[in-house]
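Biologist: Could you take a close look at a single part of this model? Please pick one element, go through its contacts in order, and then place it against the rest of the chain.

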Amino acid sequence: MRRMLVLSLALMALLGFVAPPDVFAQAAAPTPKATITGFIDNVGTYTQNMSTSDLNVNRNRDHQVYGRTRGRFDIVGEVGQAKAVFGFEIDSYWGQTGFIDSNNGPGCVTSGTSAAVTCGAVGTGSESSFDLNTDTQGNFQVKWLYTEFPLPLVPIPIIARLGAQPFATAANYKLATYANGDFAGINLYATFSPTFKTQFTYVAVDENLLGKGAFGPVLPFTGSLQNKCITSTAVTTGGISTAPGAVTGNCVPQSRGDNWAIIGSPEITVMKGLDIKPMFSHMSLTGQAGNTAVRQGRGGVSINQGGPFAPMNAPNANGSPGVAGADGAGTGVHEYRNTVGVDARWRSGPWSVDPTILYQFGTQAKWNPGGIASAYGTAGTRQSADINAWLGDIRASFQLGPLLLSGMVMWTTGQDAKSNPYKSIKYYQPLDTDTSYLADWGTQIMSLGLDYGQIITTNGSSPGVQIGWDKYGRVSPGVKASYALTPALTVGLQAMPNWTWSKVDTDAFLVSGGGLQPSFVCRKTLTSCQPKGESNYLGTEFDISLTYRFAPGLVFEWAAGYMKAGPALSHRYVASDYNAGAGIPVRKDIGVNDIAISTARVRFSF
């Protein structure tokens, strides 16, 4: 026994002598670290007739000269391979633009260019302004708040990202052809080999919380609970909801469903220089979508509360005459949208080619609200439209020393003016572009440019959001050239003509939340007739640019754009059909004026 004990102690001593010192030591914990990255942009812009406020290129009264500042910051904390990211943004114009500094400030909850001036109305792309002493309140956008870490106990490396995060390459290589910007949800990035990777993404679009029937109050002037409803300005006394003043409807439905999307996208390196990225996405929407990024009003079909996607059983302020039995929550109104396609990039010496082809199919249900929509079917009936749309985007470049030559063509299908949007949808609908389609190409008017708060907006939305033009689709070829005079100084120019896939009804008028409603009254006879498209030509844009990297982290950029407007940009001067309280046609109904912009920007990146 004693011998065994001695031998054991001797063996332990020997092992301790010959073994490296760290054999029995625990691995040291990774050292936490934190970094801050970001940029500050100071921008000066002149615009003429961009129509971001009046939504009409006929008027030509919106001229602007202004300065603005944007700061974008990311705070990154890391422990080993795990990281947490907090990204935020501040946007403000120079000089007070309203009666208070911010449209999110005390006593004000509105936002955007249509906010009342007492709420600090500002220009596009901003929520506030810097006045004297610049102590602005309420101007703080949380962009990202996510955690990223490697999944444990899995046979292949998978990076998980949870929270509010960027889409990045979750869908495509190319910017904003389907999914761009930010979302809340889950992204999983799996690496099977250096040449085969894949991403799976879950996107939370809307959340209905406790679901239907979980919210009060009672129906106006009754003791019955409203189905899925939240209060507005009324008071409730003794279980009976009473209206303040002249308001007769005070129960506004909370009409969000559990709306979501999934995206699957492998990444395959076929050979050196050639990568392809197939993609499939399914989106499920119920009732009214809470964000116009995922569904825009087009062809006169309103996306507002009380419209075809969430009708009410009584007339409402949005113009719907109501649907018998409707609960205002969009119950039973479903859209199932599928998108499939492939993105690719090829690099070989001075050549690069980037093609993208996407096909969209599915069904979209909505209620016919009557009124002008009665031309499309029986008022008060539920109708279903088949979705069948395409998007193509092909770009190519050739580098010849300091000279870079590039060309592109994009097209997205559309439908003609008389088509029935309650039966057929042939226009492509992205999940979310964050207004950024073609923002990487360099146009300043038909896309976001140096001043990413400016883009032509005449149909209630913009081509940066819709990609197409209302329900009519789009075809846009483009060419550009840039020349590096020195490694620090580059100049460029480009041109892009723009057409619609189908002819636009230039007698159409804007509908709140519905885009361009085709006219069922002829301009010449003022009698009932089928809508008719008059023009495909949107106009041709010309741009010049200069980039000067004058110090580490500092870049001066200048760009100017001019668009010779085409007749397809026009629509009725007033938001009404002919003979419907708006009188006979006037010259302004069919006129267009040219559009211009010039922007200088200094960016400091760190």
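Modeller: Buried means under 20% relative accessible area, exposed means over 50%, and partly exposed is in between (1.4 Å probe, protein chains only). By that rule I40, at 31% relative accessibility, counts as partly exposed; I40 is found in strand β1, residues 33-48. The model is predicted, so local features need pLDDT of at least 70 and side-chain atom pairs count only at pLDDT 80 or more, while totals for chains, interfaces and linings use all residues. Residues are numbered from 1 along each chain as its sequence is written, and side-chain values use heavy atoms, without hydrogens or water.

The element chosen here is strand β17, residues 382-400. Strands (E, at least two residues) and helices (H or I, at least four) are DSSP runs numbered from the N terminus, and two strands pair if DSSP finds at least two bridges between them.

Strand β17 runs antiparallel to strand β16 (residues 351-367), and 17 bridges join the two. One of the positions in this pairing is Q383 of β17, the bridge partner of K366. Strand β17 also pairs with strand β18 (residues 403-412), again in the antiparallel sense, over ten bridges. Here L400 stands opposite L403 in β18. The hairpin of β17 and β18 has two residues between the strands, and G401 takes a positive phi near 60° in that hairpin. Strand β19 (residues 424-425) is a further partner: two bridges join β19 to β17, and these strands run parallel. In this pairing D386 stands opposite S424 of β19.

Next come the aromatic side chains. Rings of Phe, Tyr and Trp (its six-membered ring) pair if their centres lie within 6.5 Å; planes under 30 degrees apart are stacked, over 60 edge-to-face, and the rest tilted. The structure holds 17 aromatic pairs. Among them is the tilted pair of Y359 and W390, with 4.7 Å from centre to centre and 40° between the planes. This pair links distant parts of the chain, since Y359 is in strand β16 and W390 in strand β17, 31 residues apart. Y359 is partly exposed at 24% relative accessibility, and W390 is partly exposed at 41%. Elsewhere, F73, F86, F88, F140, F604 and F606 form one aromatic cluster.

Charged contacts also involve β17. A salt bridge is a side-chain nitrogen of Lys or Arg within 4 Å of a carboxyl oxygen of Asp or Glu, and a search of the whole structure finds 20 of them. In one, the side chains of D393 and K174 meet at 3.0 Å, N to O. D393 lies in strand β17 and K174 in the loop between β6 (158-166) and β7 (182-193), so this salt bridge ties together parts that are 219 residues apart in sequence. D393 is buried, with a relative accessible area of 0%, and K174 counts as buried at 9%.

A salt bridge also joins the side chains of D440 and R395, at 3.2 Å from N to O. Here R395 belongs to strand β17, while D440 is in the loop between β19 and α2; the two residues are 45 apart, and the pair links distant parts of the chain. D440 is partly exposed, with a relative accessible area of 38%, whereas R395 counts as buried at 9%. Beyond these two pairs, salt bridges that share partners join R68, R70, R72, D74, E89, D91 and D451 into one network.

In that network D451 forms a salt bridge with R68, with their closest N and O atoms 2.8 Å apart. D451 lies in the loop between β19 and α2 (463-466) and R68 in strand β2 (residues 63-79), so the contact ties together parts that are 383 residues apart in sequence. Both D451 and R68 are buried.

There is also a covalent cross-link to note. With a disulfide taken as a pair of cysteine sulfur atoms within 2.5 Å, a search of the whole structure finds one. It joins C522 to C529, with an S to S distance of 2.0 Å. The torsion about the S-S bond of C522 and C529 is about 140°, so this disulfide is right-handed. C522 is partly exposed at 25% relative accessible area, and C529 is partly exposed at 22%.
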